[in-house]
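User: Please go through the strands and sheets of this model with me, one point at a time.

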Amino acid sequence: MPAPQLTFQASRTGISSAAGFDSVSVTFSADMAYTQFQCRATKSGEAYGVDVGALVASFSYTPANTPRTFEIYDEHLLRGDGDYRISLFALGEDGAWNDNHLFLPSGDSGLVTVDGAYFLCVR
């Protein structure tokens, strides 16, 4: 069975310490039930993945197509100013995690589809 596929919407694409701009609201759902969910924040260019970085939000068992909402605040971005990767991970009932990173073979800059979109991979 494949890993859950996530869809999400965010209220903004940037966060700062300025009042009124210090958080972003994220709503997501998965196409199948999941037993665990993690949202992680890591500084751009640093290691990321399941259990890596600052845990921003987590959920336990959730049925398929059930929307969940959480907030990301500027204090979740522990390493100061700069770009952060916000990663969403869900563990399917069969034990497979989805992964939202680009699939980059060793020595390659990435794989793209005919229309220029990057491939995503499941691990």
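User: In which strand is the place of Ser23?
Analyst: The model is a predicted one. Residues 23-30 form a strand, and Ser23 belongs to that run. The strand is S2.

User: Is Ser23 buried or exposed?
Analyst: The relative accessible area of Ser23 is 18%. The cut-off for a buried residue is under 20%. Ser23 is therefore buried.

User: Which residues does Ser23 touch, not counting those up to four places away in sequence?
Analyst: With sequence neighbours up to four places away left out, Ser23 still has contacts. The residues touched are Arg12, Ile15, Glu71, Ile72 and Tyr73.

User: Which strands stand at the edges of the open sheet S1-S2-S5?
Analyst: This sheet has three strands with antiparallel pairing, in the order S1-S2-S5. An edge strand has a single partner, so one side of it is left without a neighbour in the sheet. The edges are strand S1 (6-10) and strand S5 (68-73).

User: Which residue in S2 stands opposite Phe8?
Analyst: S1 and S2 pair in the antiparallel sense, over five bridges. Opposite Phe8, in S2, stands Phe28.

User: What are the edge strands of the open sheet S4-S3-S6?
Analyst: The three strands of this sheet run in the order S4-S3-S6, and their pairing is antiparallel. Each edge strand pairs on one side only. They are strand S4 (54-59) and strand S6 (84-92).

User: Over how many bridges do S3 and S6 pair?
Analyst: Strand S3 covers residues 34-43. Lys43 stands opposite Tyr84 in S6. The pairing of S3 with S6 is antiparallel, and the number of bridges is nine.

Conventions:
Residues are numbered from 1 along each chain as its sequence is written. This is a predicted model: local features need pLDDT of at least 70, side-chain atom pairs count only at pLDDT 80 or more; totals for chains, interfaces and linings use all residues. Side-chain values use heavy atoms; hydrogens and water are left out. Two strands pair if DSSP finds at least two bridges between them. Helices (H or I, at least four residues) and strands (E, at least two) are DSSP runs, numbered from the N terminus. Buried means under 20% relative accessible area, exposed over 50%, partly exposed in between (1.4 Å probe, protein chains only). Contact means heavy atoms within 4.5 Å.
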